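Colleague: I'm new to this one and would like a close look at a single part. Could you pick a strand and walk me through its surroundings?

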Amino acid sequence: MLVSNSKIGNQIANTLRFLAADGVEKANSGHPGMPMGMADCAYVLWSKFLRFNPEDANWIGRDRFVLSAGHGSMLLYALLHLYGFDMSMDDLKNFRQWGSKTAGHPEYGEAPGIETTTGPLGQGFATGVGMALASKIFSVRFGRELFSRQRIYGIVSDGDLMEGVASEAASLAGHLQLGNIVYIYDDNHISIEGSTNLTFSESVSKRFESYGWQVIEIDGHNHAEIESALKTGIAEAGKPTLIKARTHIGYGAPGKVDTAGVHGAPLGAEEIRAAKENLGWPEDKSFYVPDEVRTEVKKRIAVLKEDYNKWMKEYQSAKASAPETFKALDSDWIKTQIDTLAAELNSSIPAESAATRKLSGAVMQKIAEYLPLFIGGSADLAPSTGTYLKAFDSIQANRFEGRNLHFGIREHAMGAILNGMALYGGIIPFGATFMQFADYMRPAIRLAALMGIRVIYVLTHDSIFLGEDGPTHQPVEHLASLRAIPNLTVIRPADAGEVAGAWIVALRNQTGPTALILTRQGVPVIDKGKNFGIEEVAKGGYIIEDCNKPDLILCASGSEVGLAIEVKKLLAEKGKKIRVVSMPSLELFMQQDADYRQQVLPENVPVVVIEAARLMGWGDLVRGPLLKIGVENFGKSAPAKILKEQFGFTPEAVVEKISRFI
């Protein structure tokens, strides 16, 4: 198992290996096997190829390193510490503890150099594809001389490659010929339950070759082979590269190497001592970094800083020669553009009765005029979701000038790729599908919310009233399910004005993703009075029809706001005083101060919520008497008119339920 590597190479690799093992041991929790097995590959990549600057960790021209096998997080933390990032030895010793930068799996934003949150397997793989796509887009917009050298590197595991999201993303990466991807596959033959041959017998090499990838097979502990493979991967411009590195999980640990026991549990005091003895490491030292390792790493950082300084000069020169182009990267300019766009949209709200998906599509065309890096696409549903940017071309292999992405029927990969594009920086990505199929990309949506990044989801065909396609395509539980994700802003607009306002909220939201929930069927124009402005949507809920001392409040979102207004008319004929509230976003409404919420929904007035969905969560919003009129079972295949009658979403049926409630 031992190979002939340079002395300093082995020292750096062993430093990484035992920093990781010691961190897991001290925490009495974690995954030492993968870091010990991949330390050699990590050493060669970071010491000879990866371009970064620890003093400017967010430098846009840097390479990206994605640890898709996030369970091996101590390897990343050890690398960040050794290579000069803001990761102290105390941070390593505080692995998996409350308030630590060094969480059990890497968490974006906790420390510089953590490019994305990983842990759910396959997500990092697909997120890296999004970063690579963003890099290609930047290359054609801002200069190949600046971005053609940029690479997206990653370490991926057996588990990553078993997950379907990785297959979806790998297929699209091969189709787009993303030659700026170089992933190292930790082929250690072990998963939690034992040998991977229990479940995983395919030829990974042939599979990836069929996707259009270059595949290189090496000994993952031989530094010369690792270096040669990385050079070959970097040189291949027309295909992404998978380096299949045969490694030994728990490398060096004599009693646990190549066993499932070293995957997710500390080595134990005796085994870690034996491993250090086996690899010629001081047995009596923990968290040990030899002086010669520090010296060697500093030399590498100095070389990288020279490269960084040269790049920054080239960047400033390019920016000076094309200031209009580079405005797209100026956050102040982007803010001004969004404000100007909001004013234009507010002054020209169309009095059009149409599906909100159609109204959204019209707003998107205008957004594209204002924001050059507003880029996205759909999961093969652009005609149905209204999300194609008509003035711009499609993005295809070797044609990255366009603004329209075709993700194919790959919702899960789409969600993760959007995350990668957002994390790369600069791009405002959007992705569209039918609301029902948000389930296919939910893990990626959740990670976007966890990371607090700006991604916009356009989810159309939002209720049973999409009609004849039937219950397989009719969302029922999805609205409540999306609202349940922390830090995801869900907006279900009722008409053109609210659609415009929803888009402005989404564009301004830089601390989390936004889901726009849109109808297939037409909705009426809502008369909100001359004082309405699209900024009202940012409040989450607001009064659209009022009276003095209401007997009852009708609260609705989306297509049911028009229904609520019709219900008010019938109740008014019965002598009832009714307030109508449009509630496009529960999350935004709950962010308002208590006085405003009480003004809109006073506790002493009964509230009727009307929404064509399961109504979990409304009880948190309404503290007084509450009647919920929603959909508590799956839909049916029928025209929308019939469904409204059968499910009780006609004005007469709603009035009858309210009469019983009163």
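Modeller: Here is a walk around one strand and its neighbours. Keep in mind that this is a predicted model. Let's take strand S17, which covers residues 552-556. Five of its five residues are buried, so S17 is largely enclosed by the rest of the structure. The cut-off behind that word is under 20% relative accessible area. Now look at where the side chains go. In a regular strand they alternate between the two faces of the sheet. Here, Leu552, Leu554 and Ala556 point one way from S17, while Ile553 and Cys555 point the other way. Whichever way they point, all of them are buried.

Next, the partners. S17 pairs with strand S18 (residues 578-582) in the parallel sense, and five bridges link the two. If you want a spot to zoom in on, find leucine 554: across from it in S18 stands valine 580. To get from S17 to S18, the chain passes through helix H21, residues 560-573. That makes a β-α-β crossover, and it is right-handed.

S17 also pairs with strand S19 (residues 607-610), again in the parallel sense, this time over four bridges. A handy marker there is cysteine 555, whose bridge partner in S19 is valine 609. So when you turn the model around, you can start from S17 and use leucine 554 to find S18, then use cysteine 555 to find S19.

Methods. Residues are numbered from 1 along each chain as its sequence is written. This is a predicted model: local features need pLDDT of at least 70, side-chain atom pairs count only at pLDDT 80 or more; totals for chains, interfaces and linings use all residues. Side-chain values use heavy atoms; hydrogens and water are left out. Buried means under 20% relative accessible area, exposed over 50%, partly exposed in between (1.4 Å probe, protein chains only). Two strands pair if DSSP finds at least two bridges between them. A crossover is right-handed if, with the strands pointing away from the viewer, the path from the first strand over the helix to the second runs clockwise.
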